[in-house]
Amino acid sequence: MSYDPPRPILVSSSAASDVVKRQVGALFNGVGAAQGREIQRVAVEESRLGIPVLLAADVIHGMRTVFPIPLGEAASFEPALAERTARATAVEATAAGLHWTFAPAVDIARDQRWGRGAEGAGEDTVLGCAFAEARVRGFQGPDLRAADSLLATPKHFAAYGAVAAGMDYNYVEISEGTLQDVHLPPFKAAFDAGALTVMTAFNDINGVPASANHALLTGLLRGHWDFPGLVVSDYTADMELIAHGYAEDERDATRRAFTAGMDMSMQSGFYAAHLPGLVESGEVPMALLDASVRRVLSLKAAIGLLDDPYRSLDPSREDDISRLEAHETLARDAGRRSIVLLKNESDVLPLRRDARIALVGPFARDRDNIEGCWTLFGDKSRYISLEEGFRAALPHAGSLEIVDGCGLESPLEGGIEAAVAAARRAEVVVLALGEPQRYSGEAQSRTRIVLPAAQQVLAEAVSATGTPVVVLLRNGRALALEGAVRDARAIVVTWFLGSQTGHAVADVVFGDYSPSGRLPVSFPHDSGQQPFFYNHPRTGRPETPEMSEFKARWREHPNTALYPFGHGLGYGRIEYGATTVDMAKLPVSDVLTVRATLRNHGTRAVEEVVQLYVHDRVASRVRPVRELKGFRKLMLQPGESQEVVFRLAPAQLAFTRADGTHGSEPGGFDVWIAPSAMAGVPARFELLPR
Ligand code: BGC
């Protein structure tokens with residue numbers, strides 16, 4: 001296995017000797033079925049207890065075939081799609097000898113400065129739960145003992161997305177209500193879907209590091225939620241208790257992490273070094289160690305490893321599966337379903353195939369920023385750039401001119417001049433701009449979530465030619481769009497779409513696919529609005545159309561989104577009829593039926609993401625202005641009308657009340673069926689007292 005930095009194994013020297021000498025129970029980030037077999041042989045034949053090891057890696061959004069970054073895929077609003085891509089990922093990863101992936105990340109990201117939002121499903125908890133469940137089901141499949149079942153690990157437990165100021169690894173100060181109602185539910189959803197492991201977070205929560213947090217890892221997880229599975233630390237998170245100032249030294253850190261409920265230590269080597277002494281001295285009760293060991297063994301038993309240590313380690317399967325046509329097709333479909341069309345003035349999109357097109361920008365030919373963050377094993381030789389995708393879609397290569405214009409972060413000599421000249425010759429400019437891929441992912445926090453200056457300069461120059469501009473954004477977070485980029489005729493959010501990027505984007509740009517993605521994160525007017533999320537609590541001084549002085553707003557910008565959560569256009573014209581409810585007064589024992597009729601007035605069949613929102617008008621704690629409660633993607637033919645029906649149960653109106661209990665409160669609610677978090681006119685109902 002290749003166990004080289006930057007992602008070394010648990011103990012970095014030789015894996016096989018670690019298994020024997022240090023009795024390592026799991027190894028990570030090495031791949032290869034044949035190498036895996038050798039590790040297992042050593043574990044079974046040469047280690048003291050003969051117990052096979054778990055082979056793990058970070059396989060986040062694809063293995064050899066790379067699918068869209070999870071945030072991008074969440075924009076599809078299709079959990080079933082995420083289940084399919086996670087399944088395909090598991091098929092490839094298990095063929096490469098893995099049993100266990102450290103995914104899905106189920107952190108809710110309400111601050112776009114935080115780069116790890118790219119790994120999750122965005123700012124909303126209901127969407128986050130749906131994707132968490134789907135990904136767990138996809139990775140693990142229906143049978144944990146099957147050769148292609150990959151253990152899932154929801155992470156990072158907990159509230160990692162709530163780091164102060166969006167700075168990775170920063171502290172977390174959070175209310176109990178926000179922790180319970182916003183950040184914890186996706187973990188519970190992942191466990192309910194069958195996840196048997198969980199990874200602790202690096203951060204503290206109100207002063208207690210998550211990785212030594214007894215209330216979290218034992219009280220909530222094992223006590224309240226009855227979680228039977230294994231808790232693994234994040235990379236050296238037990239060691240970091242010392243830097244946190246929460247533990248004196250290695251031994252103290254080991255004791256605190258272990259007694260809090262962390263079963264397996266990743267990378268630090270602390271458990272191997274200090275647990276024996278701690279148990280001997282009685283500081284760690286033997287019963288606690290036994291319980292932990294039982295959890296590790298139960299996990300190995302659950303996947304059939306104790307019956308067959310070589311389970312799934314089949315080099316011939318590895319060869320067969322290394323390139324599957326079906327996975328390429330899925331990657332292209334997942335890519336185009338993840339694309340969000342923010343704006344399309346005068347229907348500039350889709351482009352005519354015979355138009356004279358200038359494809360301009362540092363991403364036009366780029367092949368190094370296709371996969372997005374956290375892709376360790378992607379087969380780069382199969383990546384499709386924008387240039388390749390456009391050329392494949394265009395019968396007359398002569399109608400396409402390609403110019404870089406600038407580098408990702410710096411100007412190119414003569415770049416602007418060449419771009420402007422090409423723009424003048426073209427009928428339309430497609431400007432491929434965005435964040436380099438290393439701007440998002442772990443440790444990639446930003447203070448200003450804007451495009452690099454050199455790219456903005458290019459956009460201004462090209463747009464000054466007067467040729468209509470379509471902006472293709474590549475991004476791992478919501479961005480604050482400025483100037484010519486914000487004012488372009490059309491704006492398309494393409495995230496990092498993975499292997500099939502060029503084809504997926506071309507499908508949308510040339511109209512072979514009508515975009516159906518919606519924003520899983522709000523695009524603000526300005527970076528300074530962060531943390532910005534649609535479901536923020538109400539203020540006592542909301543801005544109104546009539547009055548904005550002395551109201552909750554910024555001096556420079558309204559405190560709204562430029563493009564809200566849930567927003568996205570297709571190539572149709574969908575009109576929403578009024579939202580109606582079947583009862584004005586809803587008994588707690590009943591379920592409300594909410595309806596609206598949609599009509600496609602356009603000339604193309606389109607998929608629409610219909611969203612159900614509620615707002616609790618008066619409550620014992622200040623409630624969000626709106627909250628997503630359901631969503632559905634449906635296809636509408638030209639001229640077709642469809643009635644959409646959602647069922648809303650009183651349990652969905654529950655929250656952490658002022659007295660700390662969880663439940664709904666009687667009183668008035670607004671309910672919307674709408675195309676985004678800022679659209680629509682609500683209906684009203686009253687939830688009756690018990
Ligand atoms: C990350 C985890 C990851 C682990 C192992 C850490 O730095 O926070 O998400 O699973 O490394 O690679």
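These legends walk through several close-up views of a predicted model.

**View 1. The largest cavity and the residues around it.**
Welcome to the inside of the model. A search of the whole structure turns up five cavities of 30 Å³ or more, and this view shows the largest one, which holds about 60 Å³ of space. Its lining is made up of 13 residues. Those that lie nearest the centre of the cavity are I60, H61, E73, T85 and R135. Three elements, α3 (70-74), α4 (79-95) and α5 (125-140), each give two or more residues to this lining. Helix α4 supplies the largest share, with four residues. Sorted by class, the lining has seven nonpolar, four polar and two charged residues. If you wonder how such spaces are found, rolling a probe the size of a water molecule over the atoms shows where empty space is left.

**View 2. Helix α8 and its buried side.**
Here we turn to helix α8, residues 214-224. Its buried residues are L216, L217, L220, L221 and R222. These residues cover an arc of only 160 degrees around the axis, so they sit on the same side of α8. An α-helix has 3.6 residues a turn, so residues three or four places apart point the same way. On the other side of α8 you will find A215, G223 and H224, which are exposed. What do the buried residues of α8 pack against? Their partners are the helices α7 (185-192), α10 (250-260) and α12 (286-302), together with the strands β4 (197-199), β5 (204-205) and β7 (230-232). After α8 comes D226, with a positive phi near 60 degrees.

**View 3. Helix α15 and the elements it packs against.**
Helix α15 covers residues 386-393, and among them L386, E387, G389, F390 and A393 are buried. Seen down the axis, the buried residues of α15 fall within an arc of 165 degrees, which means that they line one face of the helix. Follow that face outward and you meet four strands, β9 (357-360), β10 (400-403), β11 (428-434) and β12 (469-474), as well as helix α19 (501-509).

**View 4. Strand β13 between two partner strands.**
Strand β13 consists of residues 490-493, and both of its faces are covered. On one side are A490 and V492, on the other I491 and V493, and all of these are buried. Which way does β8 (residues 340-344) run relative to β13, parallel or antiparallel? The two are antiparallel and joined by four bridges, with V340 standing opposite V493 of β13. The pairing of β12 with β13, by contrast, is parallel and also has four bridges. Here V470 stands opposite A490 of β13.

**View 5. V493 and its contacts.**
This close-up picks out a single residue of strand β13, V493. Its relative accessibility is 0%, so V493 counts as buried. Setting aside neighbours within four places in sequence, V493 is in contact with S338, I339, V340, L342, L473, N475, L519 and F523. For a sense of scale, A16 is 477 residues away from V493 along the chain, and the C-alpha atoms of the two are separated by 45 Å.

**View 6. Two cis peptide bonds.**
Two peptide bonds are shown here for their cis form. One joins K155 and H156, with omega at about 0 degrees. H156 belongs to the loop between α5 and α6 (176-183). The other runs from Q530 to P531, with omega near -5 degrees. P531 is found in the loop between β14 (523-524) and β15 (561-563).

**View 7. Positive phi at T236 and A443.**
The last view visits two loop residues. T236 is not a glycine, yet its phi is positive, at about 60 degrees. You can find T236 in the loop between β7 and α9 (240-244). Is T236 buried or exposed? Its relative accessibility is 10%, so T236 counts as buried. A443, also a residue other than glycine, has a positive phi near 65 degrees. The loop that holds A443 lies between β11 and α17 (453-463). With a relative accessibility of 41%, A443 counts as partly exposed.

How values were computed:
Residues are numbered from 1 along each chain as its sequence is written. This is a predicted model: local features need pLDDT of at least 70, side-chain atom pairs count only at pLDDT 80 or more; totals for chains, interfaces and linings use all residues. Side-chain values use heavy atoms; hydrogens and water are left out. On a 1 Å grid over the protein atoms alone, a cavity is a set of points where a 1.4 Å probe fits but cannot get out, and a pocket is an open set with protein on both sides within 12 Å along at least five of seven lines; lining residues have an atom within 4 Å of a point. Grid points are joined across faces, edges and corners, and a volume is the space filled by probe spheres set on the points. Ala, Val, Leu, Ile, Met, Phe, Trp, Tyr, Cys and Pro count as nonpolar, Asp, Glu, Lys and Arg as charged, and the others, Gly among them, as polar. Buried means under 20% relative accessible area, exposed over 50%, partly exposed in between (1.4 Å probe, protein chains only). The arc is that of the directions from the helix axis to the C-beta atoms. Contact means heavy atoms within 4.5 Å. Two strands pair if DSSP finds at least two bridges between them.
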